[in-house]
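Let's take a friendly walk through this structure, one helix and one loop at a time. Keep the viewer open as you read, and follow along.

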Amino acid sequence: MEKIKFNKNIVLVGFMGTGKTEVGRILARDFSFEFIDTDDVIEKRLGIKVPEIFKKFGESYFRDIEREVVNDLSDLKGLVIATGGGVVINPENINDLKKNGIVICLTATPEVILSRVMGNDDRPLLTVSGKLTKIKELLKSREAFYAKADVTIDTTNREVLDVVKEVKGVL
Ligand code: S3P
């Protein structure tokens with residue numbers, strides 16, 4: 001286990017396919033922090049998977065539950081929290097996550113994001129035919145929200161461990 005003086009949460013935000021979960025798991029392992037993925041918590045709370053939640057109840061219901069989960073998690077400490085890509089849309093979420101944590105935004109180019117999410121059908125917002133166009137649209141509409149993070153780290157064409165090292169350097 002690596003020693004860390006940092007006693008707040010390490011929060012990873014960023015678009016789908018930017019490596020939040022993979023980077024987060026390694027950080028949590030290295031620091032012996034608990035790893036939490038907000039999508040997993042939402043799925044456990046509702047007992048169904050994210051695509052089903054979108055299909056049955058719609059995106060706005062998913063966002064409500066996501067809001068509740070973030071609110072609950074933000075009171076805790078010593079966590080690595082990987083968030084869903086749309087968590088930033090609600091400014092209350094970012095405010096909550098910053099309360100006890102450093103918020104790190106992972107980024108990648110639309111093309112790299114596409115290559116990472118291809119062949120994976122668990123992302124309801126990307127189950128469209130023009131995936132690259134959709135990714136670009138969503139990125140544009142979320143740009144200002146992602147910019148609210150404390151730190152931004154580009155993951156394009158980088159090894160996961162290299163990204164992990166950069167995250168550790170900003171703590
Ligand atoms: C979403 C991202 C997904 C998941 C849901 C909505 C988004 O999480 O929360 O499909 O709005 O960008 P990942 O970023 O972990 O794929």
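**A walk from helix to loop**

Helix H7, residues 131-146, has a kink of about 35° centred on Lys 140. Bear in mind as you look that this is a predicted model. Which residues of H7 are buried? They are Ile 135, Leu 138, Leu 139, Arg 142 and Tyr 146. The cover over these buried residues includes two strands, E1 (9-14) and E4 (101-107), together with helices H4 (59-73) and H6 (110-117).

Two other helices are worth viewing end-on. A general point helps here: an α-helix has 3.6 residues a turn, so residues three or four places apart point the same way. Take H2, residues 38-46, where the buried residues are Thr 38, Ile 42 and Glu 43. Looking down the axis of H2, you find these buried residues within an arc of 140°, so they line one face of the helix. Among the elements covering them are strand E2 (34-37), helix H3 (50-57), H4 and strand E3 (79-82). Both ends of H2 have something to show. The N-terminal end is capped by Asp 37, with a side-chain oxygen 2.9 Å from the backbone nitrogen of Asp 39. Just after the helix, Gly 47 adopts a positive phi of about 75°.

Now turn to H5, which spans residues 91-99 and buries Asn 93, Ile 94, Asp 96 and Leu 97. Around the axis they cover an arc of only 165°, which puts them on the same side of H5. Their cover includes E1, H4, E3 and E4. At the start of H5, Asn 90 places a side-chain oxygen within 3.0 Å of the backbone nitrogen of Glu 92.

Next come the aromatic rings. How many aromatic pairs are there? The count comes to 3. One of them joins Phe 54 and Phe 62: the ring centres are 4.9 Å apart and the planes are at 45°, so this pair is tilted. Buried means under 20% relative accessible area, and Phe 54 is buried at 15%. Phe 62 is buried too, with a relative accessible area of 3%. Another pair is formed by Phe 57 and Tyr 61, whose ring centres are 4.9 Å apart with planes at 45°, so that pair is tilted as well. Here, though, Phe 57 is partly exposed, with a relative accessible area of 45%, and Tyr 61 is partly exposed at 30%. A charged side chain also meets a ring elsewhere: Lys 168 lies over the face of Phe 31, at 5.5 Å from the ring centre.

Let's move on to Arg 116, which sits in helix H6. Is Arg 116 buried or partly exposed? With a relative accessible area of 34%, Arg 116 is partly exposed. Along the chain, Arg 116 and Gly 17 are 99 residues apart, yet their C-alpha atoms are separated by 5.6 Å. The side chain of Arg 116 reaches the backbone oxygen of Gly 17 at 2.8 Å. A polar atom of the same Arg 116 side chain also lies 2.9 Å from the backbone oxygen of Thr 155. Leaving aside neighbours within four places in sequence, the contacts of Arg 116 include Thr 18, Gly 19, Ala 108, Thr 156 and Asn 157.

That list leads to Thr 156, found in the loop between strand E5 (151-154) and helix H8 (160-170). Thr 156 is buried, with a relative accessible area of 15%. Its side chain reaches the backbone nitrogen of Thr 109 at 3.1 Å. With neighbours within four places in sequence left aside, Thr 156 is in contact with Thr 107, Ala 108, Thr 109, Val 112 and Arg 116.

Asn 157 lies in the loop between E5 and H8. At 72% relative accessibility, Asn 157 counts as exposed. Its backbone deserves a look too: Asn 157 has a positive phi of about 55° although it is not a glycine. Ser 32 also has a positive phi of about 55° without being a glycine, and Ser 32 is found in the loop between helix H1 (20-31) and E2.

Methods:
Residues are numbered from 1 along each chain as its sequence is written. This is a predicted model: local features need pLDDT of at least 70, side-chain atom pairs count only at pLDDT 80 or more; totals for chains, interfaces and linings use all residues. Side-chain values use heavy atoms; hydrogens and water are left out. The bend at a residue is the angle between axes fitted to the seven residues ending there and the seven starting there. Helices (H or I, at least four residues) and strands (E, at least two) are DSSP runs, numbered from the N terminus. Buried means under 20% relative accessible area, exposed over 50%, partly exposed in between (1.4 Å probe, protein chains only). Contact means heavy atoms within 4.5 Å. The arc is that of the directions from the helix axis to the C-beta atoms. A polar contact is a pair of N or O atoms within 3.5 Å; within protein, one must be able to donate a hydrogen and the other to accept it, and residues adjacent in sequence count only if both atoms are side-chain atoms. Rings of Phe, Tyr and Trp (its six-membered ring) pair if their centres lie within 6.5 Å; planes under 30 degrees apart count as stacked, over 60 as edge-to-face and the rest as tilted. A charge sits over a ring if NZ of Lys or CZ of Arg is within 6 Å of the ring centre and within 35 degrees of the ring normal.
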